[in-house]
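Please open the structure in your viewer and keep the selection tool at hand. This tour moves from one selection to the next and says what is there at each stop.

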Amino acid sequence: MSTSGYSTLRVATLNFWGIPYISKHRLFRLNALISELRRDEYDIVALQEVWSVADFERLSSECRDVLPYSHYFHSGVIGSGLCVLSRHPIMKTFFKPYTINGKVYKVTQGDFLGGKGVGTCQIAFTGGVAIDLFVTHLHANYGVTAFDSNSYQAHRVSQAWELAEFICLMRRTGAVQVLCGDLNTESKELGLTLLQQSIPLDDSVNVAGEDVDTCDRPDNLYTPKSGKRPKRIDYILYGGSVRMACNECSLAFRTIPDSDIPYSDHEGVEATFSIQPTTLYSTADEWQVTLTSLTEATTIVESGIKDAETRGSQHKTMAAVFALLWLYSIFCFDDTIILSGSFGAILTTIIFCFSFCQFIFAFAFIPCEIAALRQTASSLRQTTVARKKI
């Protein structure tokens, strides 16, 4: 939409809380979100905690008539949970994992397994303007009773700094920068201060005229009854080298119509911007790589995915075989035969260690490799589709 030389951009972000088999009412909320996205007129929607690729594929497929462009950022063992749906062409994508990403031995917390990072989409907006969209989800806070627990503050500050440096390096002439996501950081905390002092991004909520707490709200059905105080940790920040202003900002995706169930345990945020192009963006200038090269690269990466999947299956088989052999060596061999004495104990230990290593390769290292390759393949395909339209 354009008025008097200005273009209107409407952006929304939501932490969906979509953990398969764990998040309450996930499929019901997914259906409601799809209906809402089909009904409303967003230009860009950035989502976090869409942990199921199948859920993303449903979102992408069923919203395609209103948001025809989409991208899921693969990462880690269980995926980054980050995805973007857009009304406008997504020209390029990139995912940068954070260097520090939780504690590997804290398996139940999932941040390390999720491979958190920042996803980037270069979007060709109307009026020749380019939008560099960043979507992220910083490390969660696992305080026992209060959000002010500092157990992971160093992780979030490190990630915020890395995020700021990355956005700064990505800054370019003629482009708008929009950062969406669950930063797990309140507005007065060091993480956000570092972010806003490092790069010229304004907080869209500054124009809001209503309560903007997005998490642990007492009016949200999923808020624990443990007395947690409400807080704002979900943001839309904006800036760049093109003149723009935030006209409106408010909470979004609150309670599902005709229901008392919310869309998520977080509230969403939406913002409307006016953009005045000062330097036009030519997509033709972006294309230095040929379709032949893109196709060849995609083929190689997809071959690598198949190879990794094959190796993963082999490791799973080996893990199972040696686990059975280990159990057999403990419970089924008679002490008078080969596994008697110290030799038997040593051999049993070796079998166990080998099985354990195979298990780690099969269910941790190989999935990380596959996720990274899938992210590259997805980005290559996205770029190929956009390249063919130029």
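The stops below begin with aromatic rings and end with a sheet and a helix, and you should keep in mind throughout that the model is predicted.

**Stop one: a pair of rings.** A pair of aromatic rings is described by the distance of the centres and the angle of the planes. A search of the whole structure finds 13 such aromatic pairs, and a good one to begin with is obtained by selecting Tyr42 and Phe253, whose rings are tilted, with 5.7 Å from centre to centre and 40° between the planes. Tyr42 belongs to the loop between α1 (26-39) and β3 (44-50), while Phe253 belongs to the loop between β12 (243-252) and β13 (268-276), so this pair ties together parts that are 211 residues apart in sequence. Are these two residues, Tyr42 and Phe253, buried or exposed? Both Tyr42 and Phe253 are buried.

**Stop two: around Tyr42.** Keep Tyr42 and Phe253 selected and add Tyr263, since ring pairs link Tyr42, Phe253 and Tyr263 into a cluster. Then add Arg10, whose charged end sits over the ring of Tyr42, 4.4 Å from the ring centre. For another arrangement of this kind, select Arg29 and Phe16, where the charged end of Arg29 sits over the ring of Phe16, 4.9 Å from its centre.

**Stop three: a second pair.** Now select Phe56 and Tyr72, which form a tilted aromatic pair with 5.4 Å from centre to centre and 45° between the planes. Phe56 is in helix α2 (residues 53-62) and Tyr72 is in strand β4 (residues 69-73), and the pair links these distant parts of the chain, 16 residues apart. Phe56 counts as buried because its relative accessibility is 10%, and Tyr72 counts as buried because its relative accessibility is 3%.

**Stop four: the sheet.** Strands of a sheet pair through backbone hydrogen bonds, either parallel or antiparallel. Switch to a cartoon view and follow the order β6-β7-β8-β9-β11-β10, in which 6 strands form an open sheet with mixed pairing. Its edge strands are β6 (90-97) and β10 (201-203), each of which pairs on one side only. On average, neighbouring strands of this sheet are turned by 20° against each other, direction ignored.

Zoom in on β6 and strand β7 (residues 117-124), which run antiparallel and are joined by 7 bridges. Select Thr93 here, and you will find Cys121 in β7 standing opposite.

**Last stop: a helix across the strands.** Finally, select helix α5 (residues 190-198), which lies across β9 (175-182), β10 and β11 (234-240), and which runs at about 15° to β11.

Notes
Residues are numbered from 1 along each chain as its sequence is written. This is a predicted model: local features need pLDDT of at least 70, side-chain atom pairs count only at pLDDT 80 or more; totals for chains, interfaces and linings use all residues. Side-chain values use heavy atoms; hydrogens and water are left out. Rings of Phe, Tyr and Trp (its six-membered ring) pair if their centres lie within 6.5 Å; planes under 30 degrees apart count as stacked, over 60 as edge-to-face and the rest as tilted. Helices (H or I, at least four residues) and strands (E, at least two) are DSSP runs, numbered from the N terminus. Buried means under 20% relative accessible area, exposed over 50%, partly exposed in between (1.4 Å probe, protein chains only). A charge sits over a ring if NZ of Lys or CZ of Arg is within 6 Å of the ring centre and within 35 degrees of the ring normal. Two strands pair if DSSP finds at least two bridges between them. Axes are lines fitted to C-alpha atoms, for helices over the stretch in contact, and angles run from 0 to 180 degrees between N-to-C directions. Contact means heavy atoms within 4.5 Å.
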